[in-house]
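Here is a friendly walk through the model you have on your bench screen. Keep the viewer open and follow along.

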Amino acid sequence: MLKMFAPAVGFSTVAINYVFEPKAKKQEVPSPMPITELIGKLPMVQGHSCPIRVLNRLTVVMSEASHFRPNASEYRPFDLLAVQPTTEKLFHAACMLCDVDIICILVTERLPFFFKRAPINGSIDRGVVFEVSYASALRDITMRRYTITNAVCLMESCKGKNVILSSAAEKALELRGPYDIVNLGLLFGLSDTDSKEAVTSTCRAVLLHAEARKTASGIVYTMKSQQEVLRDTADSEAPAAKRPKST
Amino acid sequence: MVRVKSRYLLCEINVSDRSNLLKLDDRAVAGAVRAAVARIHGDYGAALCSVRFCVKYLNAHTGTVFLRFPKGCYKLLWSALPFITSIESRGQIIPCFFNCLHVGGTMRTCQKFLIRYNTQQLHQMLPKCKNEEEKRQIREAILSCTLTGRNDETFEDELMSEEDGE
């Protein structure tokens, strides 16, 4: 149902989030359901002629440094990686060291630590973005206050750069249109241009960052090749004189 | 001081169950917006709402609504709209959300945008038609979408033409 509303409202890319909170030792990372199982045919985006793009995303809630293992093979099926640090040291480590795309800011309770300029500037240089989600603000009054408090604190330290606003929507009716979210950014302390960027260009930058993270130094992208099979059939069909060159 | 300026916000009300849309009326929508603004922005917001706010037009078949706000504070009042989760009308609570499509300085610009938007929706409905009769009706509706002196508009799903006076 959610997927039906998202393209109608105007979003061209949607990511399905799997939240992983390792409480017990050796808990397994959930594997994402293939997208074709969730919805059969992807609906068209309002105003464009291409279908909506659906990605998988993993959020690891970190309460200890060992919870997030860089370059783990279980993270491969996910397109986007996010981390939610709960203490100051973990926040510093996530900003400077962890190989992620997104750092989630807590919105459901008071932040136990203050933001410092140093790790935030470090993460801006690396291309990691901070994410504020607005769905809990729609549900409850106290959540709304915490969301606005935490978001305003973040904006003071990061001056509005590298921020994305996302909906952690669980039901279809918790989604909001892009112009409405841009306006919500004004409530969080962003300026007009920063707010619009938070919904458009910064999000695209995150997708590109995620793709680049999967490659080796941003140049080579490996995937299982089906080229061997194709070459055989092409050889058998083409006449002997016009054999295609092997790539 | 030449002219009092307002901003007209074109919003679409999305519901999960289309039959609930027909139960909406403009008073219920106005009440819901006022309540949301009072919740988010308190007394200041509630006071701003009584300046020049009203629901200018509501189309219950497609869920389109024109809201008018004063130009100086429309962004503040607009920022309260995403927090509307339901509208109460005739004793029933209808869960919904507002999706803002266009902001214009006059009713006429908003209307031109709405006609273009409805034409796009009709184009998108064309491949989903089940029989020739529906296809013919949609093609006729697309061709008759114009802004005339009496502000005619066409619906998306019922394909009836409706007249609306300002």
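Between chain A and chain B there is 1 salt bridge. Its partners are D192(A) and K75(B), whose closest N and O atoms are 3.2 Å apart. Across the same interface, 5 residue pairs are in polar contact. Please keep in mind that this is a predicted model.

Which parts of chain A supply the side that touches chain B? Helices α1 (2-9), α5 (135-139) and α7 (178-187) of chain A each supply at least two residues of that side. Helix α7(A) gives the most, with 6 residues.

The size of an interface is often given as the accessible area lost when the parts come together. Here chain A and chain B bury about 2000 Å² between them, and 58% of that area is on carbon and sulfur atoms. Chain A brings 21 residues to the contact, and chain B brings 24 residues.

**Salt bridges in the structure**

A search of the whole structure finds 6 salt bridges over all chains. The table lists some of them, including the one between the chains.

| Salt bridge | Closest N to O |
|---|---|
| D192(A) with K75(B) | 3.2 Å |
| R57(A) with E131(A) | 3.1 Å |
| R139(A) with E170(A) | 3.7 Å |
| E174(A) with R139(A) | 3.2 Å |

Take R57(A) and E131(A), which form a salt bridge. R57(A) lies in strand β2 (residues 53-62) of chain A and E131(A) in strand β5 (residues 129-133) of chain A, so the pair ties together parts that are 74 residues apart in sequence. Is this pair buried or exposed? R57(A) is buried, and E131(A) is buried too.

Next comes R139(A), which pairs with E170(A) in a salt bridge. R139(A) lies in helix α5 of chain A while E170(A) lies in the loop between β6 and α7 of chain A, so this salt bridge ties together parts that are 31 residues apart in sequence.

The side chain of R139(A) also meets that of E174(A) in a salt bridge. E174(A) is in the loop between β6 and α7 of chain A and R139(A) is in helix α5 of chain A, 35 residues apart, and the pair links distant parts of the chain. Taken together, R139(A), E170(A) and E174(A) are linked in a network of salt bridges.

How do the members of this network compare in accessibility? R139(A) counts as partly exposed because its relative accessibility is 45%. E170(A), at 63% relative accessibility, counts as exposed. E174(A) is buried, with a relative accessible area of 10%.

**Chain B along its sequence**

How many helices and strands does chain B have? The secondary structure of chain B comes to 4 helices and 7 strands. Read along the sequence, these elements follow the pattern β-α-β-β-α-β-β-α-α-β-β. Chain B has 166 residues, and buried residues make up 49% of them. Of the contacts in chain B with a separation of 6 or more, 66% are between residues 24 or more positions apart.

**Two helices of chain B**

Helix α3 (residues 107-125) of chain B has 19 residues. From its first C-alpha to its last, α3(B) reaches 27 Å, close to the 27 Å expected at 1.5 Å a residue. Its buried residues include M107(B), C110(B), F113(B), L114(B), Y117(B) and L122(B). Also among them are Q111(B), N118(B), T119(B) and Q121(B).

Helix α4 (residues 132-143) of chain B has 12 residues and reaches 17 Å from first C-alpha to last, close to the 16 Å expected at 1.5 Å a residue. Which residues of α4(B) are buried? They are I138(B), A141(B) and I142(B). Seen down the axis of α4(B), these buried residues fall within an arc of 100 degrees, so they line one face of the helix. On the other side of α4(B), E132(B) and L143(B) are exposed.

**Two residues with a positive phi**

N162(A) is not a glycine, yet it has a positive phi of about 55 degrees. You will find N162(A) in the loop between α6 (141-158) and β6 (163-166) of chain A. R90(B), also not a glycine, has a positive phi of about 50 degrees. R90(B) lies in the loop between β4 (86-89) and β5 (92-104) of chain B. With 68% relative accessibility, R90(B) counts as exposed.

Key:
Residues are numbered from 1 along each chain as its sequence is written. Chains are lettered from A and ligands numbered from 1 in the order in which they are written. This is a predicted model: local features need pLDDT of at least 70, side-chain atom pairs count only at pLDDT 80 or more; totals for chains, interfaces and linings use all residues. Side-chain values use heavy atoms; hydrogens and water are left out. The expected span of a helix is 1.5 Å times one less than its number of residues. Buried means under 20% relative accessible area, exposed over 50%, partly exposed in between (1.4 Å probe, protein chains only). The arc is that of the directions from the helix axis to the C-beta atoms. Contact means heavy atoms within 4.5 Å. Buried area is the accessible area (1.4 Å probe) that two parts lose on being put together, summed over both. A salt bridge is a side-chain nitrogen of Lys or Arg within 4 Å of a carboxyl oxygen of Asp or Glu. A polar contact is a pair of N or O atoms within 3.5 Å; within protein, one must be able to donate a hydrogen and the other to accept it, and residues adjacent in sequence count only if both atoms are side-chain atoms.
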